[in-house]
Amino acid sequence: MSVSATSAMPDARGHFGPYGGRFVPETLMHPLQQLEDEYFKAQADPQFQQELQYYLREFCGRPTPLYYAERLTRELGGAKIYLKREDLLHTGAHKINNAMGQILLARRMGKTRIIAETGAGQHGVATATVSAMFGLKCVIYMGEVDCARQALNVYRMKMLGAEIVSVTAGQKTLKEAVNEAMRDWVTNVRSTHYILGTAYGAHPYPVMVRNFQRIIGDEARRQILEKEQRLPDLLVACVGGGSNAIGLFYPFLEDASVKMLGVEAGGEGIKPEKHAARFQGGSLGVLQGTQSYILQDENGQIQSTHSVSAGLDYAAVGPEHAWLRDLQRVDYTYATDEQALQAFIRLARLEGIIPALESSHAVAAAMERAPSMGRDQLMIINLSGRGDKDVAQVATRVAL
Ligand SMILES: *Cc1c(COP(=O)(O)O)cnc(C)c1O
């Protein structure tokens, strides 16, 4: 497969090579087809694009800076490091890029009610925020365990007028919250749009979310060319479902000189149920609407996962990443909880920037790679979010 074909994906049925597709109950086939039709119409409509650009700029705070991390660069003594500052966006992470795109689509489709799933609460907060801004009813599904772990975000969503449904099935975390959101969607599809939060799920979600997030890479490409008059050598991003990573990577896929590194959650190490690194021991399977790499046992039962960062703690990875890994276009590695916590503190002290624990995984891997790169080489780390939400949790783990 040529590199240029890489960025032309997925095919018309949402397949990225052997991954992706649409694996849902009969009742969801029609709504997904309708969503696909409406999305591609909107994408091609200059008026929709203009409206999206307007709100991304005026409400979300785009473009975000591409910041030269001078002290971090000096300390590591290798590649020149830039940070793409998605942490500076309204609500504190890249999630709002996608939430804004999808709510504009929902309005265009005449929907009056918004639902979403959330794990850490970041996508829930972004969705509650855009729902409040446009005056749409909003219901957020969240596992009971996550509600307890992320009580501040639960309150934040309630302040924004959202109804929170605490899900008590199974492990009571993200996977169960997605199941409940899908059940709601089947029942209320006439009035309701489901804003899925990452580059995952049944077609058209992975391609749609990627396209709403590609603004990260489009901006970064323009900015690095302005600052350095050349393309970067390495892009680094953390990978949960994969939306911030694919958002940064996608506009560079055809630039063969640009290497890319996706960083998964290594948790307490690569032992069953102690991590969420799907490319370390995962295998082909179907989960929640799509075919991809999944952490499952020999009977196809989904395994429990663990990460210090709730946003990376999911048993499956977006189908486009699975495919880019097969093509060896993107390398995938992992950072452990411990490495992420160290990177969290180190970036705070060196740059005065407290990164999200998710983003800290990318920072940890970048810190490992940078010293072996030349001083004339350029690296961009996607700082997908800010760490305010994680401070209390880090305080229980790191004594200062
Ligand atoms: C949700 C989240 C992630 C993980 O999701 P992706 O879809 O893989 O980007 C990463 N960073 C932050 C700050 C998040 O909130």
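**Exercise 1. Find where lysine 172 sits, and say what stands out in its backbone and its exposure.**

Step 1: Lysine 172 belongs to the loop that runs between strand E7 (163–167) and helix H9 (174–188). Helices (H or I, at least four residues) and strands (E, at least two) are DSSP runs, numbered from the N terminus. This is a predicted model, where local features need pLDDT of at least 70 and side-chain atom pairs count only at pLDDT 80 or more, while totals for chains, interfaces and linings use all residues. Residues are numbered from 1 along each chain as its sequence is written, and side-chain values use heavy atoms, with hydrogens and water left out.

Step 2: Look at the backbone. Lysine 172 has a phi near 60 degrees, a positive value in a residue other than glycine. Most residues other than glycine have a negative phi, and most peptide bonds are trans.

Step 3: Turn to exposure. With a relative accessible area of 27%, lysine 172 is partly exposed. Buried means under 20% relative accessible area, exposed over 50%, and partly exposed in between (1.4 Å probe, protein chains only).

**Exercise 2. Locate another positive phi, at threonine 91, and the cis peptide bonds before proline 10 and proline 204.**

Step 1: Threonine 91 is not a glycine, yet its phi is positive, about 75 degrees. Its place is the loop between strand E4 (80–85) and H5.

Step 2: The bond from methionine 9 to proline 10 is cis, with omega near 5 degrees. Proline 10 falls in the loop between helix H1 (3–6) and E1.

Step 3: Histidine 203 and proline 204 are also joined by a cis peptide bond, and here omega is about 15 degrees. Proline 204 is placed in the loop between strand E8 (192–194) and helix H10 (205–213).

**Exercise 3. Work out the strand order of the open sheet that contains E1, and describe its edges.**

Step 1: The sheet has four strands, ordered E1-E2-E12-E11, with antiparallel pairing. Two strands pair if DSSP finds at least two bridges between them.

Step 2: Strand E1 (15–16) and strand E11 (283–287) are the edges, each pairing on one side only.

Step 3: Zoom in on one pair. Two bridges link E1 with strand E2 (residues 19–23) in the antiparallel sense, and phenylalanine 16 stands opposite tyrosine 19 in E2.

**Exercise 4. Decide how strand E5 is covered and how it joins E6.**

Step 1: Six of the six residues of strand E5 (residues 113–118) are buried, so the strand is mostly covered by the cut-off for buried, under 20%.

Step 2: Sort the side chains. Arg113, Ile115 and Glu117 point one way, Ile114, Ala116 and Thr118 point the other way, and all are buried. In a regular strand the side chains alternate between the two faces of the sheet.

Step 3: E5 runs parallel to strand E6 (residues 137–143), and six bridges join them. Threonine 118 stands opposite methionine 142 in E6. E6 is mostly covered too, with six of its seven residues buried.

**Exercise 5. Which residues do serine 359 and histidine 361 touch?**

Step 1: Serine 359 lies in helix H15 (residues 357–369), and histidine 361 is in helix H15 as well.

Step 2: Serine 359 counts as buried because its relative accessibility is 0%. Histidine 361 is buried, with a relative accessible area of 0%.

Step 3: List the contacts, meaning heavy atoms within 4.5 Å. Leaving aside neighbours within four places in sequence, serine 359 is in contact with Cys238, Asn382, Leu383, Ser384 and Gly385. Not counting residues up to four places away, histidine 361 touches a list including Cys238, Val263, Glu264 and Ser309.

Step 4: Serine 359 and serine 309 are 50 residues apart in sequence and 9.2 Å apart in space, C-alpha to C-alpha.

**Exercise 6. Check the overall size of the protein against the globule rule.**

Step 1: The rule is 2.2 Å times the number of residues to the power 0.38, and the radius of gyration is taken over C-alpha atoms.

Step 2: With 400 residues, a compact globule would have a radius near 21 Å; the protein has 19 Å, which agrees.

Step 3: The C-alpha trace spans about 55 × 45 × 45 Å along its principal axes, and 62% of the 400 residues count as buried.
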